[in-house]
Amino acid sequence: MADPRGFLKVRQRETQPRRPVPVRIMDWKEVYEAQEKGVLKSQAGRCMDCGVPFCHQGCPLGNLIPEWNDLVWRDKGEEAIERLHATNNFPEFTGRLCPAPCEASCVLGINQPAVTIKQVEVSIIDQAFDNDWVQPLPPTRLTGKTVAVVGSGPAGLAVAQQLTRVGHTVAVYERDDKIGGLLRYGIPDFKMEKEQVDRRLEQMKAEGTRFRTGVAVGTDVTWEQLRRRYDAVVVATGATVPRDLPIPGRELEGVHFAMDYLVPSNRKVAGENPENHIDARGKHVVILGGGDTGADCIGTAHRHQAASVTTLAIGKQPPAERATHQPWPTFPTLFEVASAHEEGGERTYLASTVEFVGENGKLTGVKVAETEFVDGKRLPKAGTERIIPADLVFLSLGFTGAEPAGITEQVSAEFDGRGNVARDGYYMTNTEGVFVAGDAGRGQSLIVWAIAEGRACAAAVDRFLMGSTILPAPVAPTDRAIAVL
């Protein structure tokens, strides 16, 4: 195929927006540098080679991707951020953390590398912040209605910003000492520095959103008290119950859930001195699970100067190219190489964890066996067992749903069979005036879905309070077409 402009030489990264710095730099700063302007404009210009765009279908937010790509190509950055903000409250988050289902739906991706949409997106918002184009948008009038949003992750923040801007008085409750949820205390700084969260919060405060930190709803204040105090309550607490691995040796010292490692590490980087901080320096680290959280553990262990880092996955290694059963424009399962993987460590697939072994109550190793498939089940193959030395094991096996936190007892809200807070087609639980958005109602998913659901839930709350709404509702709560669970 002729390629006079050399675009086929551009290696498409489906999981990362920017070029990694050399591996020798192992501080906590973001590992990806800003894209060179000429390359960025060339990528934005490639978008115009598309016939009928499918990237809208791939993005739960319905981002106007061709429009802001064209504006970037024409050096109209201020207009580009206006179009980007029209559908996405927080492009600085999605541009760094989203796996970009829009790129999987790019028409050019049928027979060549897709447009690097995430690179363009994050460059637009970074330029906007650098030039003070991101300004508060306070409401022109107040409605007199009040809303409590419980949880300050991307879903909760999206709900709060949308409702504040149409004139409702919104208070966001967060049990941690700082706002941001997993954006603050889950995502390592080498993927997103907390400045990105802080400067967006300053905009929200200037718009009128109120924040209540250090308040655990369900104990410090009850859900019923919030119902009496506010006209509507939104549950946006996320899906934070980790999936366990109940095998022999689980009780050994040194076996931890991934978030019990990442959260204190984030606090340590922020200058705090958490009591439960886990230092992997000089230790053999084994991570069970090959997803994004596992990659976060890998990068964190590297920065702690671990002696070795090994990732074990029970399934097969995903393919490097689209499988035939996941054709364009669906979101394919591919072998991902994040920055943490490029920094080092070993990745092993078809590895079934059989037992955690130890001495005197402390972990010394992990017994694993090859995985074999029997009647559709993944089982350890007899006779293939071996022991991998391990001082620390981090369980990164996903999450099973939202924490109850008194929701059922205090406001009679029900949970579904998947461990999520049940809701109807308008994001409302079986208790009138109590809504749910994001992972708490959807289950573990993507940041772009959290923001999309936050925006849609805000529209439902506004309609409940006012009888109608002008807010957009990009997704329905039952829409799981491209969700990654």
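Is Arg 442 buried or exposed? Arg 442 counts as buried, because its relative accessibility is 0%. The model discussed in this note is predicted.

1. **Arg 442.** This residue sits in helix H16, which spans residues 439–442. Its side chain has a polar partner: a contact of 2.9 Å links Arg 442 to the side chain of Glu 453. So the arginine with 0% relative accessibility is also one whose side chain makes a polar contact with Glu 453.

2. **Phe 435.** Strand E16 holds Phe 435. Its relative accessibility is 1%, so Phe 435 counts as buried. Which residues does Phe 435 contact, leaving aside neighbours within four places in sequence? One group is Ala 232, Val 233, Val 234 and Val 235. Another is Tyr 426, Tyr 427, Met 428 and Thr 429. The rest of the list is Cys 457, Ala 460, Val 461 and Phe 464. Val 166 lies 269 residues from Phe 435 along the chain, and their C-alpha atoms are separated by 18 Å.

3. **Tyr 427.** This residue appears among the contacts of Phe 435. Tyr 427 belongs to the loop between helix H15 (407–411) and strand E16 (434–436). Its phi is positive, near 65 degrees, and the residue is not a glycine. Most residues other than glycine have a negative phi. The backbone at Tyr 427 therefore deserves a look in the viewer, and the residue counts as buried at 3% relative accessibility.

4. **Leu 350.** Here is another non-glycine residue with a positive phi, about 55 degrees. Leu 350 is in the loop between strand E9 (346–348) and strand E10 (351–359). How accessible is Leu 350? Its relative accessible area is 32%, so Leu 350 is partly exposed.

5. **Pro 329.** The peptide bond from Trp 328 to Pro 329 is cis. Omega is near 5 degrees. Most peptide bonds are trans. Pro 329 is placed in the loop between strand E8 (308–312) and helix H14 (339–342).

6. **H8 against H10.** Two packed helices are described by the angle between their axes and the distance between the axes. Helix H8 covers residues 154–165 and helix H10 covers residues 195–207. Their axes come within 10 Å and cross at roughly 30 degrees. H8 and H10 are therefore roughly parallel to each other. The crossing is left-handed. On the H8 side, the contact is made by Leu 157, Ala 160, Gln 161, Thr 164 and Arg 165. On the H10 side, Leu 201, Gln 203, Met 204 and Glu 207 take part. By class, the residues of this contact are four nonpolar, three polar and two charged.

7. **H12 against H13.** Helix H12 (residues 258–269) packs on helix H13 (residues 292–303) at an angle of about 50 degrees. The axes are 10 Å apart. What does that angle make of the pair? H12 is oblique to H13. The crossing of H12 and H13 is left-handed. H12 contributes Ala 258, Met 259, Tyr 261, Leu 262 and Ser 265 to the contact. H13 contributes Thr 293, Asp 296, Cys 297, Thr 300 and Ala 301. The contact has six nonpolar, three polar and one charged residues.

8. **Helix H3.** H3 spans residues 65–73. Which of its residues are buried? They are Ile 65, Pro 66, Trp 68, Asn 69, Leu 71 and Val 72. The elements that cover these buried residues include helix H1 (37–46), helix H2 (55–58) and helix H4 (77–85). Helix H6 (101–104) and helix H7 (117–130) are also among them. After H3 comes Asp 75, with a positive phi near 60 degrees.

9. **Gly 401.** Strand E15 (residues 399–401) contains Gly 401. At 2% relative accessibility, Gly 401 counts as buried. Which residues does Gly 401 touch, not counting those up to four places away in sequence? They are Ala 239, Thr 240, Val 241, Gly 419 and Asn 420. Gly 433 is 32 residues from Gly 401 along the chain, and the two C-alpha atoms are separated by 22 Å.

Terms used
Residues numbered from 1 in each chain as written. Predicted model: local features only at pLDDT ≥ 70, side-chain atom pairs only at ≥ 80, totals over all residues. Heavy atoms only, no water. Helix = DSSP H or I, 4+ residues; strand = E, 2+ residues; numbered from the N terminus. Buried < 20%, exposed > 50% of the residue type's maximum accessible area, 1.4 Å probe, protein only. Polar contact = N/O pair within 3.5 Å; in protein donor to acceptor, adjacent residues only side chain to side chain. Axes fitted to C-alpha atoms, helices over the stretch in contact; angles between N-to-C directions. Parallel < 35°, antiparallel > 145°, perpendicular 65-115°, else oblique. Left-handed = near helix turned anticlockwise from the far one by under 90°. Contact = heavy atoms within 4.5 Å. Nonpolar A, V, L, I, M, F, W, Y, C, P; charged D, E, K, R; others polar.
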